[in-house]
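Take a moment with the sequence and the model before reading on. The paragraphs below walk through the fold one place at a time.

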Amino acid sequence: MNLHHPPGRPLFPTSWDSTMVAAFRACPHKAFRQYIQHYKPRGQSVHLVAGGAFAKGVEVARMSYYEEKLSAEESVALGIQALIVAYGDFVCPPESAKSLARTLGALEFYFSQYPLGADGMEPVTFISGRRGIEFSFAEPLPVLHPVTGDPILYTGRTDMIAHFAGGIYIVDEKTTTALGASWAKQWDLRSQFTGYIWASQQAGIKASGAIVRGISILKTKYDTLQIPTYRSPFEVSRWLHQVCRDIERAKVMWEEGYWDQSLDGACQDYGGCSFQPVCRSPEPEKWLEVGFQRLVWDPLARKETTVEEWELQHSEALAPQTLLEGF
């Protein structure tokens, strides 16, 4: 069923993930600018570059060890190569500890603390024979798209699903600058992990919870902390209800053409919102033209595309589907 799409209005997302939901909850206007108009700041964030390169290194090392059956030493070496390629020619700001050399050291430190094949974790094996490394999902939500009338997809990608301590756990690595009590406590209500657990349950995987592995990268040392976090059936059900309410609220704003602004603490969180100059200006479009570019991260295709390509790809109705690797 194709419903009316108001002319000139950006396409409402056909899929949402935890990052989009979190942005909408913090400031609907930021979510609108970033994920519906698809404005991204020019230049790259050192945290995103280093974190993405580190994740790629871990992924390749694990795939080499568990799927290619290479030795732990060979697998880590391939992970290091993959990290270097992923980091690319990005120039790290001098004040940041997340240089290429320090990020490489963090990967070596990680596998010294959690050795491949000897860290107590074993990736699950799917029916297809594929291991549970870089697990991607796209599950239909009980929320209909305002244009297509099809279910909106909730998408995500976790680093690993593994057997651990007699249960099955979602495993996720986080690079950071500091570890401690406040870092450890932040995951128990984190929507990202509740969503991972919900998606795994939709696929028939009875995940016991999630394991969050933090890796701190400082200029003089590395550190790590492994935190388990659990979700009861009540918490998973509540999460689903809240996510659906959030997306329904976003649909209302899309229909109205007005996106509420936080104008409060969210403007300063994580070093300050990149859209501050836009929100402070009576002529926001001028700031958007100068300081931003328009690119779409497609969580299903796992690549960035132009807005025109993305809107063309999603202009027709999407049939309800489940895209779970290995099923």
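Is His38 buried or exposed? The model is predicted, and in it His38 has a relative accessible area of 4%. Buried means under 20%, so His38 is buried. Its place is in the loop between helix 2 (28–36) and strand 2 (39–41). The backbone of His38 deserves a look too. Its phi is near 70°, a positive value in a residue other than glycine. Most residues other than glycine have a negative phi.

Leu263 offers a second case. Phi of Leu263 is near 50°, again positive in a residue other than glycine. Leu263 sits in the loop between helix 8 and helix 9 (276–280). Its relative accessible area is 63%. Exposed means over 50%, so Leu263 is exposed.

Now go inside. The largest nonpolar core has 44 residues. Those with the most contacts inside this core are Phe12, Trp16, Leu141, Tyr154, Ile247 and Trp259. Helix 8 (residues 233–256) gives the most to the core, with 8 residues. A second core, separate from that one, has 27 residues. Among them are Met63, Phe111, Tyr114 and Ile133.

Pick out Trp259 in the largest core. Which residues does Trp259 touch, leaving aside its neighbours within four places in sequence? Phe12, Phe24, Pro28, His29, Phe32 and Ile36 are among its contacts. Ala250, Met253 and Trp254 are in contact with Trp259 as well.

Stay with helix 8 and find His241, which is found in that helix. His241 has 51% relative accessibility. The cut-off for exposed is over 50%, so His241 counts as exposed. Now look across to Phe126. The two residues are 115 places apart along the chain, and their C-alpha atoms are separated by 29 Å.

Helix 8 also borders a pocket. The second largest pocket has a volume of about 160 Å³. Its lining includes Arg25, Asp188, Leu189, Ser191 and Thr194. Arg231, Glu235, Arg238, Trp239 and Gln242 line this pocket too. Helix 7 (191–202) and helix 8 are the elements that give two or more residues to the lining. Helix 8 gives the most, with 4 residues.

Next, turn to helix 3 (residues 46–66). How far should its 21 residues span at 1.5 Å a residue? The expected span is 30 Å, and the end C-alpha atoms are 30 Å apart, so the two agree. At the start of helix 3, a side-chain oxygen of Ser45 reaches to within 3.2 Å of the backbone nitrogen of His47.

Helix 5 (100–113) passes a similar check. This helix has 14 residues and reaches 20 Å from its first C-alpha to its last, close to the 20 Å expected. Which residues of helix 5 are buried? They are Thr103, Leu104, Gly105, Ala106, Leu107, Phe109, Tyr110 and Phe111. An α-helix has 3.6 residues a turn, so residues three or four places apart point the same way. What covers the buried residues of helix 5 includes helix 3 and helix 4 (72–87). Strand 6 (167–176), strand 7 (209–217) and strand 8 (222–229) are also part of that cover.

Focus on Leu104 in helix 5. Its relative accessibility is 17%. That is under the 20% cut-off, so Leu104 counts as buried. Beyond its neighbours within four places in sequence, Leu104 is in contact with Ile80, Leu83 and Ile84. Leu104 and Leu83 are 21 residues apart along the chain, yet their C-alpha atoms are separated by 7.2 Å.

Some space remains enclosed. There are 3 cavities of 30 Å³ or more. The largest cavity has a volume of about 40 Å³. Residues lining this cavity include Arg62, Tyr66, Tyr110, Phe111 and Tyr114. Leu116, Asp119, Met121, Met160 and Arg213 also line the cavity. Helix 3 and helix 5 each supply at least two residues of the lining.

End at Thr148, in the loop between strand 4 (133–144) and strand 5 (151–164). Thr148 has a relative accessible area of 4%, so this residue is buried. A polar atom of the Thr148 side chain lies 3.1 Å from the backbone nitrogen of Asp150.

Definitions and conventions: Residues are numbered from 1 along each chain as its sequence is written. This is a predicted model: local features need pLDDT of at least 70, side-chain atom pairs count only at pLDDT 80 or more; totals for chains, interfaces and linings use all residues. Side-chain values use heavy atoms; hydrogens and water are left out. A nonpolar core is a set of buried Ala, Val, Leu, Ile, Met, Phe, Trp, Tyr and Cys residues joined through side-chain atoms within 4.5 Å. Buried means under 20% relative accessible area, exposed over 50%, partly exposed in between (1.4 Å probe, protein chains only). Contact means heavy atoms within 4.5 Å. The expected span of a helix is 1.5 Å times one less than its number of residues. A polar contact is a pair of N or O atoms within 3.5 Å; within protein, one must be able to donate a hydrogen and the other to accept it, and residues adjacent in sequence count only if both atoms are side-chain atoms. On a 1 Å grid over the protein atoms alone, a cavity is a set of points where a 1.4 Å probe fits but cannot get out, and a pocket is an open set with protein on both sides within 12 Å along at least five of seven lines; lining residues have an atom within 4 Å of a point. Grid points are joined across faces, edges and corners, and a volume is the space filled by probe spheres set on the points.
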